[in-house]
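Let's take a walk through a protein together. Have the sequence and the 3D view open, and try to find each spot as we get to it.

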Amino acid sequence: MRPAYRPAGLSAAQQYLILRTANSFGGHGRLSRGSLVWFYSARPSAISRLYEMELNFQQGEFPQVIVRAPDLNVLAGGKDLPHVYAQEPPRLCLFLPWTGEWNSQRTLVETMLPWSVLWLYYFETWLRSGEWTGGGMHPPTSPEKEESWQSMAAV
């Protein structure tokens, strides 16, 4: 029996080229062996503040998006940020790794960038209401819950 055909994922260089040429979000970045960093600005609505974002992608790993400015923890007034993988710097929870929502055949332009802007929209709603309306599973906020979360992610 032949193994199932599995298309190769996009390389960091291919993702970088797409970010540079087919990206309505703008930005700039750098490419190094098997990885890229992309810096961009995002405004989730016409009345929103401007956020400075950083997208990190290493081939063979899941992409990560970090909010560099303004400081989300300051905006949250001391409350734990909702729906993040890390509080400092805020590393956004944009997808569940084990569900296939993101895979290496998908472009960062069609996934991470718009998903991060949508996350910011829900974040601003949360700042006003105190309720996260963006759905999804929330990563743990305590070390005790982290172990069970990591075991789920390994599935």
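What follows goes from the overall layout to the strands, then to the core, and finally to a few spots in the loops.

Before anything else, keep in mind that this is a predicted model. The protein has four helices and six strands. Reading from the N terminus, you meet them in the order α-β-β-β-β-α-β-β-α-α. Of the 155 residues in the protein, 35% are buried. What about the outside? The protein exposes about 9100 Å², and carbon and sulfur atoms supply 53% of that area. There's also a number for how the chain comes back to itself: among contacts with a separation of 6 or more, 47% are between residues 24 or more positions apart.

Now find strand β3, residues 51-58. Is it mostly covered or mostly open? It's mostly covered, with six of its eight residues buried. Strand β3 has partners, too. Strand β2, residues 35-42, runs antiparallel to β3, and eight bridges join the two. You can check the pairing by looking for Phe-39, which stands opposite Glu-54 in β3. Then there's strand β4, residues 64-69, which is also antiparallel to β3 and joined to it by five bridges. Here the pair to look for is Glu-52 and Ala-69, the latter in β4, standing opposite each other. Between β3 and β4 the hairpin has five residues, and in this hairpin Gly-60 takes a positive phi near 85 degrees.

Next, let's look inside. In soluble globular proteins, nonpolar side chains tend to be buried together. In this protein, the largest nonpolar core has 31 residues, and the members that touch the most others are Met-53, Leu-55, Met-112 and Trp-119. Which elements build this core? At least two residues each come from α1 (12-21), β2, β3, β4 and α3. Helix α3 gives the largest share, with seven residues.

Leu-55 is a good one to click on. Even without counting residues up to four places away in sequence, Leu-55 touches a long list of partners, including Leu-19, Leu-36, Trp-38, Val-65, Leu-108 and Met-112.

Helix α3 spans residues 112-129, and Ser-116 is found in it. Is Ser-116 buried or exposed? Buried counts as under 20% relative accessible area. Ser-116 has 0% relative accessibility, so it counts as buried. Who is around it? Setting aside neighbours within four places in sequence, Ser-116 is in contact with Tyr-40, Met-53, Val-65, Leu-92 and Leu-94.

Last stop: the loops. Where are the cis peptide bonds we can point to? One joins Ala-69 and Pro-70, with omega about -10 degrees. Pro-70 is found in the loop between β4 and α2 (72-75). Ala-69 should ring a bell, since this residue of β4 stands opposite Glu-52. Another cis peptide bond joins Glu-88 and Pro-89, again with omega about -10 degrees. Look for Pro-89 in the loop between β5 (84-86) and β6 (91-92).

One more loop residue is worth a visit: His-83, which lies between α2 and β5. Its phi is near 55 degrees, a positive value in a residue other than glycine. Why does His-83 count as buried, even though it sits in a loop? Its relative accessibility is 8%, so it falls under the 20% cut-off.

Conventions: Residues numbered from 1 in each chain as written. Predicted model: local features only at pLDDT ≥ 70, side-chain atom pairs only at ≥ 80, totals over all residues. Heavy atoms only, no water. Buried < 20%, exposed > 50% of the residue type's maximum accessible area, 1.4 Å probe, protein only. Pairing = 2+ DSSP bridges. Contact = heavy atoms within 4.5 Å. Areas by Shrake-Rupley, 256 points an atom, 1.4 Å probe, with all protein chains shown as cover. Core = buried A, V, L, I, M, F, W, Y, C linked by side-chain atoms within 4.5 Å.
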